[in-house]
Amino acid sequence: MKRRSKLMLVSTILLGMGLGMETMPAQAETANDPAPVIQPASGTVKNKKVLFDNTHAQTAGAADWVIDGGFSDYANALAQDGFYVKELRQTTPITLDDLKGYDVFVIPEANIPYKTSEQQAISDYVEQGGSVFYIADHYNADRNKNRWDASEVFNGYRRGAYTEPTKGMTDEEKNSTAMQGVTSSDWLSSTFGVRFRYNALDNLENAGAQTLDNTFGILDGVTNVALHAGSTIAITNPEVAKGLVYLPSGLTSANKWSYAVDQGVYNGGGIAEGAYVAIAKKGLGKAAFIGDSSAVEDATPKYANEEAGTKKATYDGFKEASDAQLLLNLTNWLSQEESYKTFTEKGISLSSKTVLNDDEAPEKTTESQSEPWSTSKAGYKWWDATTFANGAYGSTVAPVKSASYYFNFPTEIKQGQEVAVDIQFSDLTPNETVTGYNVGVYTSTAVGSYTQGAQIGFIKVADEAMPTKPGYSDKFSITADANGTATKTIKVRVDEAGTFNIRLRKDSSALKTYTGYTIVPSGTPATSTSETTESTTGSTSTSASETTESTTGSTSASTSETTESTTDSTSTSTSETTESTTGSTSASTSETTESTTGSTSTSTSETTNSTTKEKNTGTSQTDNNTGISVQDTNGVLPNGFSIKVTAIHSGENYLQLKKQFEKFELFDIALTSNGAAIEPTGKVTVSIPIPAGYNKNKLAVYYVAKDNAKLVDTQGKVVGNYFVFETDHFSQYALVEQTKASTDMTASTNRTKNSTEGITKGKTTAALPQTGEKKNEMFKVVGALMVVVFALFVGFFRHKRVND
């Protein structure tokens with residue numbers, strides 16, 4: 001029997017490994033803390049500066065639109081392209097002085113209105129040659145429940161409250177600092193010739209081709225731009241504004257966001273619906289606009305939900321479609337200094353003016369649904385950061401650690417086969433019993449007799465007969481052990497072949513969704529391994545900002561499912577996570593990830609800081625679940641080799657690591673070729689995605705020897721959002737953010753060039769304690785100190801006698 005090649009990775013923040021050492025958890029951040037800065041990559045400096053606004057509730061609710069959080073992929077890509085990137089954080093209104101030192105001012109989805117003075121500062125900034133980029137969302141994406149969403153904030157007025165911007169607010173809200181100096185006007189239209197429409201579109205992946213107008217080369221390399229519940233932009237003055245990307249024509253009510261307050265689709269899509277991406281010219285400066293934040297965000301949120309304190313889950317959209325290319329092109333165009341003041345001067349074709357409905361005139365708009373869309377949690381005040389939950393931006397209290405959930409199931413599951421699926425829970429309250437969990441399997445595309453979004457899994461949670469209809473399982477409870485971990489085994493059967501989504505819920509709130517639950521046709525030959533696969537936190541617990549799941553979908557699907565909560569207090573749900581009970585009309589395109597056809601993606605030209613991934617010819621393999629990749633540039637692996645990652649959350653290694661590390665993820669990575677285990681015959685490059693919140697200046701990767709748990713430095717480096725190192729041996733590795741305690745421990749030891757050298761030369765930097773080792777280590781330390789003291793004592797008297 002051939003030995004399988006396995007690589008174990010630990011993504012962790014390293015705590016003090018000395019005796020009795022402790023490290024306090026990182027504190028939350030406020031506007032008074034230093035603002036994050038990303039320096040341009042060496043050799044690519046453009047001498048251009050980009051400023052991201054974080055003064056208008058850009059982290060409210062499930063949003064996390066900051067450069068070291070949910071917008072980090074975009075920000076880091078700008079830095080790689082040579083831009084200096086910084087976050088604007090302050091408690092005072094924006095002034096021209098805040099902006100004039102920057103070439104581009106990015107305004108991610110704001111949830112607090114801009115004061116008249118701030119609007120004037122932005123207008124003056126652009127008039128004098130600056131540029132601004134507005135990133136909006138669909139109507140009613142009111143993340144902090146203050147009755148203003150980003151479309152309304154940007155436009156300058158509230159729908160149905162044009163004459164009274166504080167309509168419906170309490171006296172405390174009206175008198176808050178946030179609402180002082182706010183007046184209603186059609187500001188965006190009068191300033192930039194555009195207005196965000198209050199529509200809400202979704203489900204467009206199969207709706208047809210987008211209309212692209214490649215003006216100024218902004219769409220070079222762009223074939224389509226993703227949208228997951230967004231809005232469009234009316235061109236109100238074609239002399240000033242121009243549409244670049246338009247949605248497909250022929251859209252119907254099936255293409256509206258399932259929780260739209262009105263018809264959602266206003267003019268059937270196409271040019272009549274308004275632009276999805278637009279630009280404008282004002283004075284010496286420029287502006288750009290996009291109708292959905294999903295195209296910009298990534299799956300690395302930084303902060304806790306400010307209202308509920310729960311972990312956020314953002315969508316990995318930056319790498320989708322041509323989103324990254326579009327955003328880089330737009331930013332480069334915005335940063336260019338140009339002397340012309342109107343598009344007419346450039347001789348470009350102008351867009352047609354968007355024909356609006358009568359009730360879209362600002363003073364004629366009506367509030368189609370009572371606002372806010374949901375009641376806020378008791379004690380939460382959107383205008384007062386002292387009421388924000390622990391770990392939220394604006395709070396001074398460190399976040400509470402969130403529970404984690406993982407699915408383990410066989411590598412190969414056949415159509416109609418009943419299999420055991422283990423659900424592993426960790427970071428629970430020790431010895432606590434939690435109730436209300438259930439599990440479902442649904443499809444993101446129509447398959448067999450099931451419509452898009454339908455429940456297709458037959459699931460039982462106890463020793464009972466398998467249900468006769470697909471749908472969510474019966475609810476079950478789990479009891480954590482003394483370490484805060486638990487495992488629940490369920491039985492699942494899916495009668496269709498394809499790649500589907502398996503979701504864990506608690507009381508109708510989504511906790512974990514894995515999008516790679518693959519079922520092979522019943523006649524598929526068996527593979528040579530029965531090892532399990534598992535989703536990981538980084539990419540499988542996220543979904544788009546508006547995730548829709550049908551619980552019926554076909555005549556055979558369950559009709560007893562309930563509507564999933566859309567409040568921002570949902571544990572790991574996204575901005576507006578909805579679960580429809582009308583499968584065929586609420587199907588979602590946003591539950592899928594980059595690939596739904598297997599556990600690995602491949603690339604011949606993939607680099608560690610790439611924002612797109614091409615198909616592979618055998619030199620590189622990337623695990624879609626974790627983003628961990630192995631790249632062979634020396635021809636030491638066979639073409640077509642495979643990589644598969646399994647997350648581990650139980651067992652002796654896991655428990656020992658848990659005692660030493662504040663947070664970590666343990667992975668098992670196997671390399672195979674034609675079903676047989678392989679090892680490289682020379683060095684290969686391993687790239688590990690850097691988790692959100694890690695300090696890139698303090699990272700290291702250590703080889704962890706299995707026999708004695710010694711740590712050996714691999715001498716890797718940070719490249720973009722990855723830690724990269726070389727190795728010719730696959731075993732256990734730890735990605736760590738080194739604390740002072742761990743740095744002191746490793747400083748006096750030799751570092752090795754790579755993991756193989758560390759094994760052969762035996763140079764170690766630290767050690768993980770084995771069971772019962774802590775007491776023994778203490779005796780060793782004390783004994784060593786006694787020997788040193790005794791030696792000094794003897795030496796002193798010998799020296800004294802000689803001198804005497």
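Select Val441 in strand 15 and Ile502 in strand 19: the two are bridge partners. Bear in mind that the model is predicted. Now widen the selection to both strands, which pair in the antiparallel sense over 6 bridges. Strand 15 covers residues 433–442, and 8 of its 10 residues are buried.

Next, go to Thr433 and look across to strand 17, where Thr479 stands opposite. Strands 15 and 17 run antiparallel and are joined by 3 bridges.

Return to strand 19, residues 498–506, and add strand 20; 8 bridges join this antiparallel pair. Within the pair, select Arg505 and find Ala510 of strand 20 opposite.

Show the four strands together. They form an open sheet in the order 17-15-19-20, with antiparallel pairing. Strand 17 (476–479) and strand 20 (509–519) are at the edges; each has a single partner strand, so one side of each lacks a neighbour in the sheet. On average, neighbouring strands here are turned by 30° against each other, direction ignored.

Leave the sheet and select Asp323, which is found in helix 8, residues 323–335. Where is the nearest side chain of opposite charge? That side chain is Lys319, 11 Å away; Asp323 is buried and has no salt bridge. Instead, look from the Asp323 side chain to the backbone nitrogen of Ala226, reached at 3.0 Å. To see the surroundings, select the residues in contact with Asp323, leaving aside neighbours within four places in sequence: Asn224, Val225, Ala226, Ala295, Gly317 and Phe318.

Definitions and conventions: Residues numbered from 1 in each chain as written. Predicted model: local features only at pLDDT ≥ 70, side-chain atom pairs only at ≥ 80, totals over all residues. Heavy atoms only, no water. Pairing = 2+ DSSP bridges. Axes fitted to C-alpha atoms, helices over the stretch in contact; angles between N-to-C directions. Buried < 20%, exposed > 50% of the residue type's maximum accessible area, 1.4 Å probe, protein only. Lys, Arg positive; Asp, Glu negative; His and termini not counted. Salt bridge = Lys/Arg side-chain N within 4 Å of Asp/Glu carboxyl O. Polar contact = N/O pair within 3.5 Å; in protein donor to acceptor, adjacent residues only side chain to side chain. Contact = heavy atoms within 4.5 Å.
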